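These are my notebook entries on a single protein chain. I set down what I looked up, one topic at a time.

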Amino acid sequence: GQIITYDASGDPVAVGPGTDGQVLTSTGAGSPPAFEDAAAAGKILQVVQTEKTDAFTSASTSYMDITGFSANITTTGSNKVLIVMSVSTGSNDARYNYYKLIRGSTHIFKGDQVGTYRPSVTFMESTGLYNSGSIQTKGITYLDSPGAGTHTYKLQGAVQGGTGVLCVNVSARDSDNNDAPNHNDPRTPSSIILMEVAA
């Protein structure tokens with residue numbers, strides 16, 4: 001039940017026998033293969049997280065990367081990537097802010113493009129319509145099929161126009177006033193978690 005192979009020095013090495021259901025797996029250059037348990041579909045193979053705790057603001061009507069808010073993961077074969085994102089956003093007036101989930105330079109997880117002027121985005125927020133001192137936390141969960149390789153996931157945002165301001169982890173008002181509880185505006189965190197899922 002054993003397999004005879006050779007190590008990096010050219011000496012014969014016996015591998016196995018494995019147990020029922022195991023597969024013969026490469027352990028890298030210069031190392032004999034080994035019998036290992038096969039990765040079951042849906043099994044989490046690795047987890048990567050990026051946490052952003054500082055504030056970001058932008059008044060750009062062009063989509064901008066949210067600084068410090070990206071995560072990289074290297075996948076193999078046809079494995080998938082489960083994206084779990086929590087992002088805290090705010091705005092300052094009666095304009096809207098638009099956000100896109102990006103893999104590399106590709107916009108993923110978006111609505112259908114219908115008509116000429118409707119933007120296709122991952123989500124929209126408009127806290128400034130109600131209170132420029134407020135922050136709302138948005139959650140995104142998406143199972144992506146990026147193919148093998150190293151992939152960067154990030155969030156981009158743009159304001160609708162006018163005097164709008166896009167805010168992450170901070171309110172547009174951002175008051176540090178001792179007049180509690182009226183104008184004590186908080187700072188909040190955001191995170192990206194990437195999980196490689198066996199296909």
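**Entry 1: Lys138**

I began with a polar contact of 3.3 Å, which joins the side chains of Lys138 and Gln136. The model I am reading is a predicted one. I located Lys138 in strand 12. I then asked which side chain of opposite charge is nearest to Lys138. The nearest is Glu125, 4.7 Å away. A salt bridge requires the nitrogen and the carboxyl oxygen to be within 4 Å. I therefore noted Lys138 as buried yet without a salt bridge, since a salt bridge needs a distance within 4 Å and Glu125 is 4.7 Å away. Leaving out residues up to four places away in sequence, I listed what Lys138 touches: Met85, Ser86, Val87, Thr89, Phe123, Met124 and Glu125.

**Entry 2: Salt bridges**

I next turned to charged pairs. Side chains of opposite charge can pair when their charged atoms come close. I found the count of salt bridges to be five, and I looked up three pairs.

I recorded a salt bridge between Arg103 and Asp144, with 2.7 Å from N to O. Arg103 belongs to strand 9 (residues 97-103) and Asp144 to strand 12 (residues 136-144), so this pair ties together parts that are 41 residues apart in sequence. Asp144 is buried, at 3% relative accessibility.

I then examined Asp65 and Lys154, which form a salt bridge whose closest N and O atoms are 3.1 Å apart. Asp65 lies in strand 7 (residues 64-75) and Lys154 in strand 13 (residues 149-159); the pair therefore ties together parts 89 residues apart in sequence. I asked whether each partner is buried or exposed. Asp65 is partly exposed, with a relative accessible area of 37%, whereas Lys154 is buried at 17%.

My third pair was Lys52 and Asp54, whose side chains meet in a salt bridge of 2.8 Å, N to O. Lys52 is buried, with a relative accessible area of 1%. Asp54 is partly exposed, at 45%.

**Entry 3: The nonpolar core**

In soluble globular proteins, nonpolar side chains tend to be buried together. I asked how many residues the largest nonpolar core has. It has 21 residues, and those with the most contacts inside it are Ile66, Leu155 and Leu194. The elements that give two or more residues to this core are strand 7, strand 8 (80-91), strand 9, strand 13, strand 14 (166-168) and strand 15 (190-197).

I then followed Ile66 outward, leaving aside its neighbours within four places in sequence. Ile66 is in contact with Lys52, Phe56, Tyr99, Leu155, Gln156, Gly157, Leu166 and Val168.

**Entry 4: Gly68**

I moved along strand 7 to Gly68, which is found in that strand. Gly68 is exposed, with a relative accessible area of 51%. Apart from neighbours within four places in sequence, Gly68 is in contact with Thr50 and Lys52. I had already listed Lys52 among the contacts of Ile66. I also looked up the separation of Gly68 and Leu166: they are 98 residues apart in sequence, and their C-alpha atoms are 15 Å apart in space.

**Entry 5: Backbone angles in two loops**

Most residues other than glycine have a negative phi. I noted two residues with a positive phi, neither of them a glycine.

Phe109 has a phi of about 50°. I placed Phe109 in the loop between strand 10 (106-108) and strand 11 (123-125). Phe109 is partly exposed, with a relative accessible area of 36%.

Asp174 has a phi of about 45°. I placed Asp174 in the loop between strand 14 and strand 15. At 31% relative accessibility, Asp174 is partly exposed.

**Entry 6: The chain as a whole**

I closed with the whole chain and asked how many helices and strands there are. The chain has zero helices and 15 strands. Its C-alpha trace spans about 75 × 45 × 30 Å along the principal axes. I compared the radius of gyration of the chain, 24 Å, with the value near 16 Å that a compact globule of 199 residues would have. Buried residues make up 36% of the 199 residues. Finally, I took the contacts with a separation of 6 or more, and residues 24 or more positions apart account for 70% of them.

Methods. Residues are numbered from 1 along each chain as its sequence is written. This is a predicted model: local features need pLDDT of at least 70, side-chain atom pairs count only at pLDDT 80 or more; totals for chains, interfaces and linings use all residues. Side-chain values use heavy atoms; hydrogens and water are left out. Buried means under 20% relative accessible area, exposed over 50%, partly exposed in between (1.4 Å probe, protein chains only). Helices (H or I, at least four residues) and strands (E, at least two) are DSSP runs, numbered from the N terminus. A nonpolar core is a set of buried Ala, Val, Leu, Ile, Met, Phe, Trp, Tyr and Cys residues joined through side-chain atoms within 4.5 Å. Contact means heavy atoms within 4.5 Å. Lys and Arg count as positive and Asp and Glu as negative; His and the chain ends are not counted. A polar contact is a pair of N or O atoms within 3.5 Å; within protein, one must be able to donate a hydrogen and the other to accept it, and residues adjacent in sequence count only if both atoms are side-chain atoms. The radius of gyration is taken over C-alpha atoms; the globule rule is 2.2 Å times the number of residues to the power 0.38.
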